[in-house]
Amino acid sequence: MSSPACNVDPKTAELWDKGHYQYDVISTRTLGYFMYLLSDGMLFATLFAAYGVLSYQHSYFGGPTPADFVKPWYTFVQTMALFLSVLAYGFGMNALKHKNKSGVISGLLAAFVLGVLFLMLDIHDMTHLASLGISVATSGGMSAFIVLTQVHATHIFFGLIWILVMMAQVMIKGFTTEVVGRLLTLRMFWHLQAIIWVFVYVFVYLWGYMS
Amino acid sequence: MLVDLAGGWNPMLGRLAWSQIPYDNPILAPLFVAVVIGTIIILGLITYYGKWTYLWKEWLTTVDHKKLGVMYIILGLVMLFRGFIDGLMIRTQQAWAVGTHSSGVFGATHGYLTPFHFGQVYSAHGLIMILLAATPLLVGFMNIIVPIQIGARDMAYPYLNALGLWITAAAGALIMISLFVGDFAHNGWFGYAPIFELQYSPGVGVDYWIWTMELVALGTTLGGINILATIIKMRAPGMSWGRLPIFVWASLSANVIALTSFPALQVALGLVAADRYLGAHFFTAGLGGNLMLYTNLFWIWGHPEVYFVILPAFGMMSEIFPTFSEKPLFGYITMVLASLAIAGVSWLVWLHHFFTMGAGPYVNSAFSVATMLVGIPTGVKVFNWAFTMYRGRLTFNAAMLWAIGALFLLLIGGLTGMMLAVPAINYMVHNSVFVVAHFHSMLLVIVYAIFASVIYWFPKVFGFKLDEFWAKTMFWLFSAGTTLVFVPMYMLGFMGMTRRLDYVFNTAWHPYLLVMEFGIVVYMISVLAFFALLYVSIRDHAKNRVGTDAWGTSRSLEWLTHSPVPFYNFAVLPHISTRDEVAWRRDNGIDHVQPDHYEDIHMPNNTGVAIILGGLTFVLGFALVWRIWWLCILSLLAIMALVIYRSFKGDPGYIITAAELEEMEKDAMRREAQIGKQHYRVGGGVLGDAIAYERSDLPPLASQPGSSVGLDHRS
Ligand code: HEM
Ligand SMILES: [Cu+2]
């Protein structure tokens, strides 16, 4: 068994590249970004594991549990806001295919507004918890609940800033390779946060509500 | 602020106060003076010789993967030295503070370090050695070698690469400054719940520990993404997966581990921070916290991390053995599979670090079996190396000696690891110095492989070889040190000596501890030999210049381009026809065929953004440690502003024209011609399935009864 190329004839072998070898910038960027998202997924997986360990009855130490304050419909509105935001972003990307600048901008703008709505609802929710006297210091269970949801909210916050930056870049620079690459990676980021939200909604809010 | 702090806090300076500077400490104060004087001398020299612009233009703002790699390695060597001094201090305390009659100085009842100070020294030693010495050294080598080995001009993300380096350097700066401002954690390098909670560790030591690790984790993740994308996307034409040099495969599997496991560390420490800064109850003993959650999360990262550091070392050995055995690597495919298998299994064994948690017989057996499974791919590798050397034409130069040393240590470390993998044995020796001896054997595999690689790849990067005599002297001294320190340590482990003792109660252990102290002195001498090695080699560099193929028997693609490697790596990208391309070209006499025409190439511009971002992350870490909130917010905003600025500015790069390229290439070839043609030996021992290509001018192997081909012509 010798390697596949052992029968290349050294006398005629091609030794130096003649084919104007080029590599694809956008696919390289998106691949790297995809890997970053993998690690982000691992981050959330670890947080979910911590939440799983800290959601037994004794983790709440006799204090409040999510069942006491979670309102599934309220969080459902949040879910819808985030999903519609992703959808709006998708429409924006569709416009990108037609090199339609105003279409991209309005898609991003709608995504931004819906994302802000999501974040406002989250902040409102947290102030409500605070008014009930619940904080990370209440119990191990509440620490896990609040930290997990707020790490997700922080991702959304930075995503929103990024959307603003991209709107500016589309307006100023137009559809350069770099801008298009970034629009793609932002789209991947935004999608992933929505997917993770599904898990947050199901395993933290709904599951917490029912237990 | 948020939580009750012992010892005051004010909005301007946070917890910072004069009393936090240990100016009355008899060990730290002189050291501080020495560091200040040393810094002034270095800065003065740079100014005197007017090297600031050179430094800034050529190094601090560079995005060249080779220079970044060199800086990673320098950072790693500096931290290795710092960690070594910590080790020296630990050994000295344990050789001194033995028995009730031992004396005490500097405020210690026994020995010269108070228990609190001793705790800081060993915590810093462990953290530095694993995360700030081994990791940057290996990342540095991957940075330099991987792109050249796959025939790329640069990495996928040169700017991200620089960012990774400067964030790692910021982490190193943070742990160094903890020497002189405040203190460091005393909870061991991996930390225990709940001792690191604010209640039990009210100082800033644990905070330094948290943020140093967070920064390294960030830097290493960024670097990992870069290396993975480079390997996947930037291979030269013809460089198929089956032709990748084995070091590239090792880097690939190592960085898959890094990418997936470092987030677990970030979360584990982030939750400790939530406990300490926000008063959360993740790992507290009461209020619903869970102590073992921390230990699990930490080792879910911790075990993959040990394989993250050993896999590149395996890759280095896999490059060095074939070169100096003049044979292709035995069992290329099994080597690749073994690397990937190790990466996979490394995820399933974390519980062996705390069998004593008491998870029950089923859980413990499952993890025990999983742990032993790692032995299979590791064994495959050891046999592959052995068969590579078997009936090869061996050259015992310094690089080879270090690599063989690594092999022996791997054997010892692996076998003791197997012992530890048996829960029944583990309950006996857990937390004893037997464990310490085990993992030092393993980590020394890495150190040996690194020194082998320093010698092996030095000529590629700098264009001249290191001095053989001093490299060998250092090897023998270092190995004597290893034996003298770690053989007694294994014995003490069996005698029941627990780890991290600031006072040794049993005087019967004293002789062993003295032998170990002697061993560390020998290590010290080997460090001096290393300095001599650098000095002599740089002094004689004109004599030791090398051409493209520094060793004359090397096999993989990095040896195809000039030494030192030009900043564009390859003027024309090579077209790859086979595995071990350089050996194939050499054996067929076409290794000097140069490209006949050049084309413009596109290179990235240097940028100062990366180093400024690194500086800002350092400020952020420092502000977090001392809870100076305004500075935290300010540095965070500055980081965001800078990232956005860079994203707007982008980098168009620049073009090197074909004419310029041709000029530079001609220069390089002229320089090489002056060195004189190296003495090449043609052909390689070829055995069994291991061959990577066959020479067309040789009769087929089967007809040659093991005698004439490649085996008989020992000259
Ligand atoms: C054949 C492979 C290996 C096996 C079976 C193995 C097994 C073990 C076991 C069971 C322990 C836990 C001992 C205890 O605390 O009671 C351990 C600790 C350790 N091992 Fe290994 N190991 C292996 C390879 C490695 C490698 C390759 C490295 C690093 C390069 C390494 C580094 C460590 C470290 C750092 C610790 C202890 C960490 C600490 O407690 O501070 N091991 N090993
Ligand atoms: Cu382990």
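# Exercises on a predicted two-chain model

A search of the whole structure turns up four cavities of 30 Å³ or more. The model is predicted. Work through the exercises in order.

## Exercise 1. The largest cavity

Find the volume of the largest cavity, its lining residues and their classes.

**Solution.**
- Step 1. Start with the volume, which is about 90 Å³ for the largest cavity.
- Step 2. List the lining. From chain A comes A:Trp16, and the chain B residues include B:Thr548, B:Leu560, B:Phe570, B:Gln594 and B:Glu665.
- Step 3. Sort the lining by class. The largest cavity has six nonpolar, five polar and one charged residue.

## Exercise 2. The second largest cavity

Which elements give two or more residues to the lining of the second largest cavity?

**Solution.**
- Step 1. The second largest cavity has a volume of about 50 Å³.
- Step 2. Its lining consists of A:Phe69, A:Val70, A:Lys71, A:Tyr74, A:Thr75, A:Asp125, A:Leu129, A:Phe145 and A:Tyr205.
- Step 3. The elements sought are α3 (72-97) and α4 (101-131) of chain A.
- Step 4. By class, this lining has six nonpolar, one polar and two charged residues.

## Exercise 3. The two metals

Name the protein donors of the copper ion (ligand 2) and of the iron atom of ligand 1. Then explain what the pair B:His303 and B:His353 ties together.

**Solution.**
- Step 1. Take the copper ion (ligand 2). Its protein donors are B:His303 (ND1), B:His352 (NE2) and B:His353 (NE2), at 1.8 to 2.0 Å.
- Step 2. Read their spacing in sequence: H-x48-H-H.
- Step 3. Place the pair. B:His303 sits in helix α8 (residues 291-325) of chain B, while B:His353 is in the loop between α9 (332-345) and α10 (361-389), so the two tie together parts 50 residues apart in sequence.
- Step 4. Check burial. B:His303 has a relative accessible area of 5%, so it is buried. B:His353, at 24% relative accessibility, is partly exposed.
- Step 5. Turn to the iron atom of ligand 1. It has a single donor from the protein, B:His438 (NE2), 2.2 Å away. B:His438 belongs to helix α13 (residues 433-462) of chain B.
- Step 6. Relate the metals. The iron atom of ligand 1 and the copper ion (ligand 2) are 4.4 Å apart.

## Exercise 4. Where the chains meet

How many residues does the contact take from chain B and from chain A?

**Solution.**
- Step 1. The contact takes 61 residues from chain B and 51 residues from chain A.
- Step 2. The area buried between the chains is about 4800 Å², and carbon and sulfur atoms give 70% of that area.
- Step 3. Look for the main contributors on chain B. B:Lys233, B:Leu287 and B:Phe648 supply 12% of the area that chain B buries against chain A, more than any other three residues.

## Exercise 5. Three residues of chain B

Decide whether B:Ala162, B:Asp86 and B:Asn187 are buried or exposed, and list their contacts beyond neighbours within four places in sequence.

**Solution.**
- Step 1. B:Ala162 lies in helix α5 (residues 158-177) of chain B. Its relative accessible area is 1%, so B:Ala162 is buried. Its contacts are B:Thr62, B:Val63, B:Leu68 and B:Ala610. B:Ala610 is 448 residues away along the chain, yet the C-alpha atoms of B:Ala162 and B:Ala610 are separated by 5.9 Å.
- Step 2. B:Asp86 lies in helix α3 (residues 65-96) of chain B. With a relative accessible area of 5%, B:Asp86 is buried. It contacts B:Val121, B:Ala124, B:His125 and B:Ile128.
- Step 3. B:Asn187 lies in the loop between α5 and α6 (205-233) of chain B. At a relative accessible area of 3%, B:Asn187 is buried too. Its contacts are B:Ser123, B:Tyr192, B:Ile195, B:Phe196, B:Val206 and B:Trp209.

## Exercise 6. Backbone angles

Locate two cis peptide bonds and two residues with a positive phi.

**Solution.**
- Step 1. Recall the background. Most residues other than glycine have a negative phi, and most peptide bonds are trans.
- Step 2. A cis bond joins B:Ala193 and B:Pro194, with omega about -5 degrees. B:Pro194 is in the loop between α5 and α6 of chain B.
- Step 3. The bond from B:Ser563 to B:Pro564 is cis, with omega near -10 degrees. B:Pro564 is in the loop between α15 (510-539) and α16 (581-587) of chain B.
- Step 4. B:Arg391 has a positive phi near 60 degrees. B:Arg391 is partly exposed, at 39% relative accessible area.
- Step 5. B:Asp580 has a positive phi of about 55 degrees. B:Asp580 is in the loop between α15 and α16 of chain B. Its relative accessibility is 17%, so B:Asp580 counts as buried.

Definitions and conventions. Residues numbered from 1 in each chain as written. Chains lettered and ligands numbered in written order. Predicted model: local features only at pLDDT ≥ 70, side-chain atom pairs only at ≥ 80, totals over all residues. Heavy atoms only, no water. 1 Å grid on protein atoms, 1.4 Å probe; cavity = no way out; pocket = protein on both sides within 12 Å on 5 of 7 lines; lining within 4 Å. Points joined across faces, edges and corners; volume = space filled by probe spheres on them. Nonpolar A, V, L, I, M, F, W, Y, C, P; charged D, E, K, R; others polar. Helix = DSSP H or I, 4+ residues; strand = E, 2+ residues; numbered from the N terminus. Donors = N, O, S within 2.8 Å, 3.2 Å for Na, K, Ca; no water. Buried < 20%, exposed > 50% of the residue type's maximum accessible area, 1.4 Å probe, protein only. Contact = heavy atoms within 4.5 Å. Buried area = accessible area lost by both parts, 1.4 Å probe.
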